[in-house]
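Visitor: I'd like a close look at one part of this model, the spot where a proline sits in a loop. Could you walk me through that, and then through what surrounds it?

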There are 2 protein chains.
Amino acid sequence: MHDAREVVVLRYGHRPGRDDRMTTHVGLTARALGADRVIFPDNAGQSAETVRDITDRFGGPFAVELRDDQKAIVRNWEGTVVHLTMYGERVQDVEGDVRESVRGGDDLLIVVGGEKVPWALYERADFNVGVTNQPHSEVAGLAVFLDRLFEGAELDREWEDADRRVVPEATGKTVIDADDGEEGGGVDGDGGHGADGDEASRPD
Amino acid sequence: MHDAREVVVLRYGHRPGRDDRMTTHVGLTARALGADRVIFPDNAGQSAETVRDITDRFGGPFAVELRDDQKAIVRNWEGTVVHLTMYGERVQDVEGDVRESVRGGDDLLIVVGGEKVPWALYERADFNVGVTNQPHSEVAGLAVFLDRLFEGAELDREWEDADRRVVPEATGKTVIDADDGEEGGGVDGDGGHGADGDEASRPD
């Protein structure tokens, strides 16, 4: 689907309690929109559990890691580093350069800020990228960036080892067993895209 | 920028406290990515305040409404209704049809689920649309949908009546007064895209 060897999303900073849903949504968005792996700070265990649970049920491959060395991960990354920030260059201006940078098979690290990020991150990043230069949502910025990075190809990916699969349809809520195509367990919750552990990810 | 007369995002359902950040991010994403207006449930006053504050400082036009009649808004909408849901048709398959539907100047209502949405919404919607058929984030789904609806044109919009403007740059955090181009007040917080009232939206 993409030319980079591996596309990894790093959630930089996490405040337990307050940031749980945002961090979970960063992870689920990374998974749904084509990244290979997400790295959370090691105090984000609850978010990691939710993303792993969704991966177990809806398929992968997708990896979730908890790490306590975020600064070192960025500093020592062998490959291209993109930092998503409202101060960065316009995504429409640099997305082609980012794709070019990983075309040789480089690994790509996409850093999504939570708490205040250190200035060193701006300096280390090969690309500081703004999905608009407006304050909005790190989840929205990540989503648009991934969709543009992959030029929409991520929407056609196949999922492996899924227990269940949603059948897209004009009016309906159909979930089938992924193996045999029979109607299987549904997904609780709002049917929207939000999945927070106590909504769509709740076993039914 | 778009052919619809007005593009409105409706946040369906809100649980005060628990949903504050998600609802705020829905509103800020709607603003940043080209919608004209967001409608929140009337119990989401805190989120409305944050989005209005960002609009005051970073420009518009963008309207925020609090309404207690969400069902009626959807039922009586004169124009096209899109409902974003993981059960819907694939965005890549129907985005062209949605654009075609509003090309005559129709108003477009985009419904973003929070709590459980009623079945009547699936039936009333002209399009139930899935940004992937995976559980992820309503903010991510909205962001990708808007970027595709507007085919990227929303990224080039000009902002009116802004106090300040971020200057996109490769390495830096430059905010200028919107009127005279002089360096002005900065934006506190992480410099990411997240803006939650106590981060980027805090007056400096």
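Guide: Start in chain A, in the loop that runs between α2 (45-58) and β3 (63-67): that's where you'll find A:Pro61. Keep in mind that this is a predicted model. The peptide bond leading from A:Gly60 into A:Pro61 is cis, with omega near 0°. Now hop over to chain B. B:Pro61 lies in the loop between α2 (45-58) and β3 (63-67) of chain B, and a cis peptide bond joins B:Gly60 and B:Pro61, with omega about 0°.

To place that loop in the fold, walk along chain A from the N terminus: the elements go β-α-β-α-β-α-β-α-β-α-β-α-β-β. That gives six helices and eight strands. Of the 204 residues in chain A, 60% count as buried. If you take the contacts in chain A with a separation of 6 or more, 76% of them are between residues 24 or more positions apart. The accessible surface of chain A is about 7,500 Å², and carbon and sulfur atoms account for 40% of that.

While we're on backbone oddities, here are two more loops to look at. In chain A, the one between β6 (127-130) and α6 (138-149) holds A:Thr132. A:Thr132 isn't a glycine, yet its phi is positive, about 70°. Its relative accessibility is 8%, so A:Thr132 counts as buried. In chain B, go to the loop between α6 and β7 (164-167), where B:Glu151 is found. B:Glu151 isn't a glycine either, and its phi is positive at about 50°. Unlike a buried residue, B:Glu151 is exposed, with a relative accessible area of 60%.

Since we've been going back and forth between the chains, let's see how they meet. On the chain B side, 74 residues are in contact with 74 residues of chain A. Putting the two together buries about 6,300 Å², with carbon and sulfur atoms giving 56% of it. You can also pick out six salt bridges across the interface. One of them pairs the side chains of B:Arg21 and A:Asp19, at 2.6 Å from N to O. Polar contacts between chain B and chain A come to 22 residue pairs, counting those with both residues at pLDDT 80 or more. Helix α6 (residues 138-149) of chain B supplies the largest share of chain B's touching side, with eight residues. Sorted by class, that side of chain B has 30 nonpolar, 24 polar and 20 charged residues.

Notes
Residues are numbered from 1 along each chain as its sequence is written. Chains are lettered from A and ligands numbered from 1 in the order in which they are written. Side-chain values use heavy atoms; hydrogens and water are left out. Helices (H or I, at least four residues) and strands (E, at least two) are DSSP runs, numbered from the N terminus. Buried means under 20% relative accessible area, exposed over 50%, partly exposed in between (1.4 Å probe, protein chains only). Contact means heavy atoms within 4.5 Å. Accessible areas come from the Shrake-Rupley method with a 1.4 Å probe; for residues, only the protein chains shown count as cover. Buried area is the accessible area (1.4 Å probe) that two parts lose on being put together, summed over both. A salt bridge is a side-chain nitrogen of Lys or Arg within 4 Å of a carboxyl oxygen of Asp or Glu. A polar contact is a pair of N or O atoms within 3.5 Å; within protein, one must be able to donate a hydrogen and the other to accept it, and residues adjacent in sequence count only if both atoms are side-chain atoms. Ala, Val, Leu, Ile, Met, Phe, Trp, Tyr, Cys and Pro count as nonpolar, Asp, Glu, Lys and Arg as charged, and the others, Gly among them, as polar.
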